Amino acid sequence: MKNDKDRYWDCLDQAMGASRGGRTEEALAWLDEALKAHPGGAEAHNGRGELLWDEGRIDEALHEFERAVEADPKFSAAHLNRVELMIEEVGEFEHALELCDELISGRSELPRPDRGFQAEVYYLKSKALFYLDDLEGAIFLVRRAIKSGSEQPVYRAFEGQILFEIGRFDEARRVLDQAVAMDPDSPHAVYHLALVLERLGEAEAAQGGFERANALDPAHYPLPVEVDAATFEDAVREALDNLPRSIREYTENVPVLIEDWPSDDLIARESVSPQILGLFQGVPRTAAGVTDQPQDLDRVLIFKRNLEKICLDREDLIDQIQITVRHEIGHYLGLDESDMERLGLA
């Protein structure tokens, strides 16, 4: 008769086979059996966490990763999974940064911080800083990841994404060309290279990239929903007409301008993302009495190509235009998010 240890590892093997075959519930059942044989099995808890994460059961997944770390504090995969889930799904960026710093502290009870492990931790720290809008810090750390570990296409692709967000398009292109050469089937790298090519005026190559990314991962990289200028202008006008009457009278003299995307100068001067959907420029009405800025500098910008890229179909695009126009008008009025929601502008 097999002892509990043998039973544990046999169940893990069965779970892995079921998972690879797409049989998630069967895999979870085998992991439950593994934990009956060895309740403190870090590998089984980590495996459950990965499967639950794939199923969108985020709180349960995080709990399993935490149990895996408690069971074996040196189990590096569970540590990395926990930090990544906190960044990507929970939004606990500051806490994730603290955990990353602990992991590379060299404490004896934690995983040995070899070069590969350090690279992963630097990469995760880079992602947390990216979401905290510290783009310079993010690019510094992803480059540390590249130097610490072997050349990983995912690191290069993320470096290129950050460079794109900063507006350094030529540099981003060089980096993303490398990433795509290393992994031609990475939809993330292909899509961001297409974004860069679009900004560099290579429309045909960019379109090919968008189509390739969509073919690789249609759920995350939909094709842009393109409409002609007149249709887009009509949707913006309708959005303005649909504003409450009490708000329309305050916005009649504020021009709403349509551009494809923010200019290079605007990206650099205002530190905005090249993918921003809309922007109010000027002084909010609530601050207008304490500034000498002329009112005719107030304006709302709506970015057509950026809106087209985030929508699934024409109806979705019209809805997003309405949302973006209302939101930027809300900024002009000096409203916070709760005020916008109360007045139907969110």
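This is a short talk about the open and enclosed spaces in one predicted model, and about three pairs of packed helices in it.

Let me begin with the empty space, since rolling a probe the size of a water molecule over the atoms shows where such space is left. The largest pocket holds about 620 Å³ of space, and of the 24 residues that line this pocket, the closest to its centre are Glu88, Gln161, His188, His192 and Tyr221. Three helices, namely H7 at 115–131, H9 at 153–166 and H11 at 187–199, each contribute at least two residues to the lining of the largest pocket. If we sort that lining by class, we find 13 nonpolar residues, six polar ones and five charged ones.

What, then, does a search of the whole structure find in the way of cavities of 30 Å³ or more? The search finds one, and the volume of the largest cavity is about 40 Å³. Its lining is made of Phe164, Leu195, Glu198, Arg199, Trp261, Pro274, Gln275, Asn306 and Lys309. At least two of the lining residues come from H11, and at least two from helix H16, which spans 304–309; the largest share, three residues, belongs to H11. By class, the lining of the largest cavity has four nonpolar, two polar and three charged residues.

I turn now to the helices, bearing in mind that two packed helices are described by the angle between their axes and the distance between the axes.

I will take H9 and H11 as the opening pair, as both of these helices supply residues to the lining of the largest pocket. Their axes lie 9 Å apart, and the helices pack at an angle of about 30 degrees, so H9 and H11 count as roughly parallel to each other. The crossing in which H9 passes H11 is left-handed. On the H9 side the contact is made by Ala157, Phe158, Gln161 and Phe164, while H11 brings His188, Ala189, His192, Leu195, Val196 and Arg199. Six of the residues in this contact are nonpolar, three are polar and one is charged. Gln161, His188 and His192, which take part here, were also named among the residues closest to the centre of the largest pocket, whereas Phe164, Leu195 and Arg199, likewise in this contact, appear in the lining of the largest cavity.

H11 also packs against helix H12, residues 203–216, at an angle of about 160 degrees and with the axes 8 Å apart, which means that H11 is roughly antiparallel to H12. H11 passes H12 in a crossing that is again left-handed. From H11, the residues in contact are Pro187, Val190, Tyr191, Ala194, Leu195, Leu197 and Glu198, and from H12 they are Ala205, Ala206, Gly209, Phe210, Arg212, Ala213 and Leu216. Here the division by class is eleven nonpolar, one polar and two charged.

The remaining pair is helix H6, residues 93–103, with H7: their axes come within 9 Å and cross at roughly 160 degrees, and therefore H6 is roughly antiparallel to H7. H6 passes H7 in a left-handed crossing. Phe93, Leu97, Cys100, Asp101 and Leu103 in H6 meet, on the H7 side, Phe117, Val121, Leu124, Lys125, Ala128, Leu129 and Tyr131. Which classes make up this contact of H6 with H7? There are ten nonpolar residues, no polar ones and two charged ones.

To close, I would come back to H11, which packs with H9 and with H12, and which contributes to the lining of the largest pocket and to that of the largest cavity.

Conventions
Residues numbered from 1 in each chain as written. Predicted model: local features only at pLDDT ≥ 70, side-chain atom pairs only at ≥ 80, totals over all residues. Heavy atoms only, no water. 1 Å grid on protein atoms, 1.4 Å probe; cavity = no way out; pocket = protein on both sides within 12 Å on 5 of 7 lines; lining within 4 Å. Points joined across faces, edges and corners; volume = space filled by probe spheres on them. Helix = DSSP H or I, 4+ residues; strand = E, 2+ residues; numbered from the N terminus. Nonpolar A, V, L, I, M, F, W, Y, C, P; charged D, E, K, R; others polar. Axes fitted to C-alpha atoms, helices over the stretch in contact; angles between N-to-C directions. Parallel < 35°, antiparallel > 145°, perpendicular 65-115°, else oblique. Left-handed = near helix turned anticlockwise from the far one by under 90°. Contact = heavy atoms within 4.5 Å.
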